[in-house]
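User: I'm new to this structure and would like a close look at one part of it. Could you walk me through how some of its helices pack together, and what else is worth a look along the way?

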Amino acid sequence: MIMTAYAILALANYPALLKPAAKALGDARIVPLLLNVTLVVLLLFTFTFLVYLNNLVTQRLIREVGVYRLYGLSRNRLTVTMVVQRGVLALVTIPIGLVMGVIVSKFFAMILARMLHLRVAMNLVIVPESLVEIGGLFLVMYLAIGLLNGLYLNRTKLLNLLTARVNLNRVTTPKVRDYLLGIVGLVLIAGAYYYTENAIAMVRVLNPILGPYGMIIGFGVVTLGVLLGTYWVIRFGVPAAIDQLRRRSRFYWKKNRPALFTSIVQRVYFNAHSLWLTTVLSAVTITMLGSAAVLYQAAQTTVTESTAMSVTASAQGVGLVEETMRDAGIVPKQRLFIQTKSIAARVRLIDRGNGAVTEMEPYSAMSLSTYNRARAVQKNLPKLQLTGKEAIIILPEKAVYRGVNRGVRTNFNRPIEILPHQSTLYLKAFSNLFPLGYNNYYSRILLVTDATYANLKGAKDRLAGFTLTEQQAAKITAKLGRDKVVDQYTQYMTINEKTGSYEPQDLETDNPALFGRYNYALQDQQQQEVNTLFGFLLFLMIVTGGVFMLATGSILVLKQLAVMRVEGQKIQSLKRLGWPSEVTRRVIYQQLAVIFFLPLAIGGIHSFFAIRFFAQWLDNPPGVLGFIIVGIYALVYSGFYFMTANIANQMENQAIRRDSIF
């Protein structure tokens with residue numbers, strides 16, 4: 001924790017990284033701001049985690065403290081002792097953590113520079129101010145935890161200290177209440193899943209009742225429902241389900257299953273709180289890692305969707321681009337010119353929430369033959385077919401609208417009114433892949449047959465695209481970058497509803513119906529911006545997820561270590577009755593498998609619906625990067641399981657001792 005905290009704070013104050021990152025992002029505040037926000041989240045989590053682990057350790061020392069109290073140790077002396085213990089521990093761990101943080105910070109800086117595609121040399125990141133701040137902060141944390149220990153033990157009665165023990169025998173046959181709460185927990189979780197799958201429709205229902213905060217309140221209730229439902233399923237539902245299996249004699253009386261079922265019920269009862277906590281941490285971690293990976297891949301795809309060739313330009317920017325290329329001696333590898341007509345159209349569409357929305361938008365009318373000519377160059381464009389008065393709307397936000405052939409309320413065959421009173425076409429399908437990319441269009445493309453295109457009235461608009469080599473792209477980006485010719489970069493307009501014509505507008509115009517497009521777009525520049533921003537966010541999520549992952553495994557490991565000694569006494573007694581060592585080993589591994597993989601399974605299902613909720617707003621489905629990162633998380637988590645099971649087998653599955661209970 002100390003190591004990671006220092007590395008993040010040091011990077012937030014490291015000029016060798018911040019300056020090139022600020023240049024790539026165009027804002028010097030983004031990187032340090034997000035690093036500091038991540039640090040605050042990690043510090044809050046770290047303090048909570050240390051308090052929880054301290055509670056586990058303190059429970060093992062309660063009887064020892066009781067003996068000290070019995071021999072006359074005063075309450076004040078006990079408090080001072082607890083604080084001094086934590087202070088000594090801090091003096092040992094903080095310097096080690098800071099030294100490791102200095103070493104790891106270079107590794108973090110190299111990874112971050114790599115993900116941001118920055119060509120900078122990284123040395124050891126030594127920031128004296130960060131060393132002092134992190135060291136002092138963790139010293140205060142340790143001393144505060146020592147003070148909490150002393151106050152807790154002082155308030156505990158001496159008899160309770162002396163008689164405290166780990167109790168695994170508090171297991172009873174599940175009652176009707178347990179079955180009911182387990183079922184209610186499943187219903188709460190299922191209701192939350194239903195809400196995320198139908199979020200837009202649910203928000204549309206809640207907003208008239210709860211006002212503009214209906215969405216926030218709805219998701220707050222859903223989150224509470226998931227948390228409460230998960231706890232009830234783990235605390236009551238799982239033992240009740242195991243009890244039902246025990247009632248099936250054919251399934252129960254086989255091999256080592258009686259002992260296995262009994263020990264699993266005991267472990268689940270004893271570990272209910274830690275299982276719930278690790279389930280929540282698993283869900284949060286997998287959701288963070290998976291969502292960050294999905295967004296990173298979606299951003300990479302967006303670059304080619306927004307600017308499909310090295311340089312694209314609208315009619316207002318073609319002259320400037322061609323002149324710049326001539327002056328720089330650049331001969332494009334490939335050229336593509338497209339002609340469209342600027343029109344306005346009105347259509348009533350059904351969104352994903354099953355609501356109807358009437359929209360008047362500017363459209364670039366394009367003939368099917370022009371689209372197919374672009375498709376010969378731009379290989380990712382899908383094959384589309386049209387007949388008669390059919391039309392296809394190409395728009396960047398396809399995921400917002402219900403598919404044309406899905407559900408009772410469909411968008412299929414909806415009338416598209418061409419303004420002013422030209423003709424009416426009928427919607428056949430949606431697409432989100434634009435010829436040349438969507439950056440050089442005001443809003444949408446209306447793809448029509450060649451015959452329909454010939455009859456449409458509208459101003460002709462000429463678009464162009466150029467494919468360049470990597471060196472040529474870097475050269476033209478240096479000359480036409482966004483910071484070079486800002487005044488020539490964008491163009492804005494609004495629609496005249498009566499005539500359907502476009503009227504140029506200034507950016508300062510206070511008009512909500514303002515539409516804009518780039519006069520030209522540079523793929524290399526956009527790729528750099530996406531790599532910097534989303535690569536940085538992915539790095540933060542990986543670091544934060546790594547800390548959460550280690551905490552999740554550590555909680556379960558320490559919790560199981562707390563009961564291994566008690567379990568060892570029972571196993572010694574069973575061995576005297578002829579219980580084989582191999583059966584003991586199998587029971588240990590199987591019961592710990594339930595304890596470790598139950599949170600992973602439930603948390604994974606929660607994360608699946610959460611990531612699915614985020615991904616459904618993307619036009620393209622998530623790629624394999626998210627699955628790879630989640631798979632790595634599962635492998636590391638499995639490593640904690642095998643390590644704990646091996647330690648438990650060595651501690652519990654020992655040869656028969658003379659002092660064993662019989």
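**Helices that cross**

Analyst: Let's start with a pair of helices: H12 and H18 cross in a right-handed way. Keep in mind that this is a predicted model. H12 covers residues 272-306 and H18 covers residues 581-615, and their axes come within 7 Å at a crossing angle of roughly 40 degrees. On the H12 side, the residues in contact include Leu275, Thr278, Ser282, Ile286, Gly290 and Val294. H18 answers with residues including Ile595, Pro599, Gly603, Gly604, His606, Ser607 and Phe614. Sorted by class, this contact has 12 nonpolar and 10 polar residues, and no charged ones.

Now for H1 and H4, which also make a right-handed crossing. Their axes come within 7 Å and cross at roughly 50 degrees. That angle makes H1 oblique to H4. From H1, the contact takes in Ile2, Met3, Thr4, Tyr6, Ala7 and Leu11. H4 brings a longer run of names, among them Thr93, Gly97, Met100, Gly101, Ser105, Phe108 and Leu112. Here the split is 13 nonpolar and 5 polar, again with no charged residues.

H1 and H4 turn up again around a pocket. The second largest pocket holds about 1000 Å³ of space. It is lined by 37 residues, and the ones closest to its centre are Met1, Met3, Thr4, Val547 and Leu550. So where have you met two of those names? Met3 and Thr4 of H1 are also part of the contact with H4. Several helices share the lining: H1 (2-11), H3 (30-70), H4 (75-115), H5 (128-155), H17 (523-576) and H19 (625-652) each supply at least two of its residues. By class, the lining divides into 29 nonpolar, 7 polar and 1 charged.

For another kind of packing, look at H7 (residues 176-197) and H8 (residues 199-210). Their axes are 5 Å apart, and the helices pack at an angle of about 95 degrees. That makes H7 roughly perpendicular to H8. H7 touches its partner through Tyr194, Tyr195, Thr196 and Glu197, while H8 uses Ala199, Met202, Val203 and Leu206. Of these contact residues, 6 are nonpolar, 1 is polar and 1 is charged.

Away from the helices, two spots in the backbone are worth a glance. The peptide bond from leucine 419 to proline 420 is cis, with omega near -10 degrees. Proline 420 sits in the loop between strand S5 (415-419) and strand S6 (423-431). On the other side of S5, asparagine 413 lies in the loop between strand S4 (390-394) and S5. Asparagine 413 has phi near 70 degrees, a positive value in a residue other than glycine.

Terms used. Residues numbered from 1 in each chain as written. Predicted model: local features only at pLDDT ≥ 70, side-chain atom pairs only at ≥ 80, totals over all residues. Heavy atoms only, no water. Axes fitted to C-alpha atoms, helices over the stretch in contact; angles between N-to-C directions. Helix = DSSP H or I, 4+ residues; strand = E, 2+ residues; numbered from the N terminus. Parallel < 35°, antiparallel > 145°, perpendicular 65-115°, else oblique. Contact = heavy atoms within 4.5 Å. Nonpolar A, V, L, I, M, F, W, Y, C, P; charged D, E, K, R; others polar. 1 Å grid on protein atoms, 1.4 Å probe; cavity = no way out; pocket = protein on both sides within 12 Å on 5 of 7 lines; lining within 4 Å. Points joined across faces, edges and corners; volume = space filled by probe spheres on them. Left-handed = near helix turned anticlockwise from the far one by under 90°.
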